[in-house]
Amino acid sequence: MSRSKTSKSWLHEHFSDNYVKSSQVDGYRSRASYKLHELHKKDRLFKPGMTVVDLGAAPGGWSQVAMEYVGDRGKVLASDILSMDPIAGVDFIQGDFTEEDVLDQLLAAMQEDLADLVISDMAPNMSGIAEIDQPQSMYLVELALDMANKVLKPRGDFVAKVFQGEGFDEFMKDCRQSFNKVVIRKPDASRARSREVYVVAKGYKG
């Protein structure tokens, strides 16, 4: 079957994308790595020695960046329902983090420590139908926030991808109830036509 014009257009855009080219040169697993670099530059998310939980981590682009910043004294715990090739220093737990046994594995890997930072670049498989995609994307980011409420230290931070649309304002209200400062960022590495933005929530109230 021949590819549709839309598919061919996306492939051309993807492979001519400067961030895609840079990721291949820099050894990152996805162009999304540069979004996290930009967010850190703006909001100073990482410090050496931190414990970071990366939700929906596969293929590992954000875990790679987190590991660079936290260093050998830090800890990066990644989780996804998909498999992920190993990354030096990153503890990966495959499974649905909303299930008790997977959560228990994550907590055990944290060695009874709480997280300084929870990050999530999760998104559903997009159908192109907003009435389907938006509720699914909001469901995922709400799960990420719920997880952050379980594992963050007081004054810890939370960063997650969220799509603007139905449910967005209510989600932001929930974030403000749990954190002292909440801002929205749109990194340059995020495609301009995408409705995706990133919520940066700092100072978990615990």
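**Exercise 1.** In this predicted model, locate E99 among the helices and strands, and work out whether E99 is buried, partly exposed or exposed.

*Solution.* Begin with the position along the chain: E99 sits in the loop that runs between strand 3 (90–94) and helix 5 (100–109). Next, take the relative accessible area of E99, which is 42%. Since buried means under 20% and exposed means over 50%, with partly exposed in between, E99 is therefore partly exposed. Finally, look at the charges on the surface, where E99 gathers with E100, D101 and D104 in a patch of negative charge.

**Exercise 2.** Decide whether D43 is buried or exposed, and find which residues D43 touches, leaving aside those up to four places away in sequence.

*Solution.* First place the residue: D43 belongs to helix 3, which covers residues 32–43. Its relative accessible area is 6%, and because buried means under 20%, D43 counts as buried. Then turn to the contacts of D43, which, once residues up to four places away in sequence are left out, are with V183, R185, V200 and K202.

**Exercise 3.** Describe the chain as a whole by stating how many helices and strands the chain has, and what share of its residues is buried.

*Solution.* Count the elements to begin with: there are 7 helices and 7 strands, and, read along the sequence, they follow the pattern α-α-α-β-α-β-β-α-β-α-β-α-β-β. Then consider burial, for which the share is 50% of the 206 residues in the chain. As a last step, consider the contacts with a separation of 6 or more, of which 62% come from residues 24 or more positions apart.

Notes. Residues numbered from 1 in each chain as written. Predicted model: local features only at pLDDT ≥ 70, side-chain atom pairs only at ≥ 80, totals over all residues. Heavy atoms only, no water. Patch = residues over 30% accessible without salt bridge, like charges linked within 9 Å, V, L, I, M, F, W, Y side chains within 5 Å. Areas by Shrake-Rupley, 256 points an atom, 1.4 Å probe, with all protein chains shown as cover. Salt bridge = Lys/Arg side-chain N within 4 Å of Asp/Glu carboxyl O. Lys, Arg positive; Asp, Glu negative; His and termini not counted. Charge placed at Lys NZ, Arg CZ, Asp CG, Glu CD. Helix = DSSP H or I, 4+ residues; strand = E, 2+ residues; numbered from the N terminus. Buried < 20%, exposed > 50% of the residue type's maximum accessible area, 1.4 Å probe, protein only. Contact = heavy atoms within 4.5 Å.
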